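Me: I am new to this structure. Please pick the part where aromatic rings come together, look at it closely, and then say how it sits in the rest of the chain.

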Amino acid sequence: MGDIDVRLAARLAELRTERGWSLDELAQRTGISRSTLSRLERSEISPTASLLNRLCTAYERTMSRLLTEVEADPTQLVRAADQRVWTDETSGFRRRSVSPPHAGLRGELVEGTLQPGADIAYDGPAVPGLEQHIWVLEGSVRVTVQGEDHELATGDCLRFRLWGPTRFHCQGPDAVRYVIAVVLP
């Protein structure tokens, strides 16, 4: 078992302890047997993606946040060259993790760029009640939050708690670039 698995096991045990849950209570919340949970926390076994997803739901964390929490020595300074970028060529969306999740901190910053015509919809948040602040740096975008449309232009900021679906639509003619501040509840 690798070092990351040992740190993940320790973090899972910490999360349960922080909430004051017994193994039996966590088993009821996740549908994972008590013995499997015990073996996971003692790093006797590695979690499958499915088990890890159920635990993330119980602990109200995205999987990326949980995995970031167990990275070796995450730095406070995130240089531009080290910021992860993900691009979806099909939708015209580019996501740069400016300030990724960090253990002990509740917020992160994400830069998004949508090409003209890009239209992205999300069914709901990974963590209900997630706080978001969307600040448009360049261009304009229509953001739909739980059925309500908001037209945002350069300099505008929309803030809300997220409980349901969202949609981002860049109607063009130019791309839109914005920052999303994401804060866990």
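Reply: What follows starts with the whole chain, turns to the ring cluster and its surroundings, and ends with some other places in the chain.

The model is predicted. The protein chain has five helices and 10 strands. Its C-alpha trace spans about 55 × 35 × 30 Å along the principal axes. Of its 185 residues, 39% count as buried. Among contacts with a separation of 6 or more, 60% are between residues 24 or more positions apart. The chain exposes about 10300 Å², and carbon and sulfur atoms supply 50% of that area.

Now the rings. A pair of aromatic rings is described by two values, the distance of the centres and the angle of the planes. The count for this chain comes to four aromatic pairs. One of them joins Tyr122 and Phe168, with 6.2 Å from centre to centre and 85° between the planes. This pair is edge-to-face because its angle is over 60 degrees. It links distant parts of the chain: Tyr122 belongs to strand 4 (residues 119-122) and Phe168 to strand 9, 46 residues apart.

How exposed are the two partners? Tyr122 counts as partly exposed, since its relative accessibility is 37%, a value between the limits of 20% and 50%. Phe168 counts as buried, because its relative accessibility is 6% and the limit for buried is under 20%.

Phe168 also pairs with Tyr178. Here the centres are 5.7 Å apart and the planes meet at 15°, so the pair is stacked, the cut-off being under 30 degrees. Phe168 lies in strand 9 and Tyr178 in strand 10 (residues 176-183), so this pair ties together parts that are 10 residues apart in sequence. Tyr178 has a relative accessibility of 3% and therefore counts as buried.

Which residues make up the cluster? Tyr122, Phe168 and Tyr178 form one aromatic cluster. Phe168 has a place in each of the two pairs described, edge-to-face with Tyr122 and stacked with Tyr178.

Strand 9 deserves a further look. It covers residues 166-169 and includes Thr166. Thr166 is buried, because its relative accessible area is 6%. Apart from neighbours within four places in sequence, Thr166 is in contact with Ile120, Ala121, Tyr122, Thr144 and Val145. Tyr122, on that list, is also a member of the aromatic cluster. Strand 4, which holds Tyr122, covers residues 119-122, so Ile120 and Ala121, two further contacts of Thr166, fall within it. Thr144 and Val145 are the remaining contacts, and strand 6 runs from 140 to 145.

The loop that follows strand 6 has a feature of its own. Gln146 is in the loop between strand 6 (140-145) and strand 7 (148-153). Its phi is near 50°, a positive value in a residue other than glycine. Most residues other than glycine have a negative phi, and most peptide bonds are trans. Gln146 counts as partly exposed because its relative accessibility is 38%.

The loop between strand 9 and strand 10 contains Pro173. The peptide bond from Gly172 to Pro173 is cis, with omega near 5°.

Strand 10 also leads to another contact group. Glu108, in strand 3 (residues 107-114), is in contact with Arg95, Ser99, Pro100, Pro101, Ile180, Ala181 and Val182, leaving aside neighbours within four places in sequence. Strand 10 covers residues 176-183, so Ile180, Ala181 and Val182 fall within it. Glu108 is buried, because its relative accessible area is 16% and the limit is under 20%.

A few other places can be noted for orientation. Ser43 lies in the loop between helix 3 (34-41) and helix 4 (49-58) and has a positive phi of about 55° although it is not a glycine. Arg19 lies over the face of Trp21, 5.8 Å from the ring centre. Leu77, in the loop between helix 5 (63-69) and strand 1 (85-88), is exposed, because its relative accessible area is 52%.

Key
Residues numbered from 1 in each chain as written. Predicted model: local features only at pLDDT ≥ 70, side-chain atom pairs only at ≥ 80, totals over all residues. Heavy atoms only, no water. Helix = DSSP H or I, 4+ residues; strand = E, 2+ residues; numbered from the N terminus. Buried < 20%, exposed > 50% of the residue type's maximum accessible area, 1.4 Å probe, protein only. Contact = heavy atoms within 4.5 Å. Phe/Tyr/Trp six-rings, centres within 6.5 Å; stacked < 30°, edge-to-face > 60°. Lys NZ or Arg CZ within 6 Å of the ring centre and 35° of its normal. Areas by Shrake-Rupley, 256 points an atom, 1.4 Å probe, with all protein chains shown as cover.
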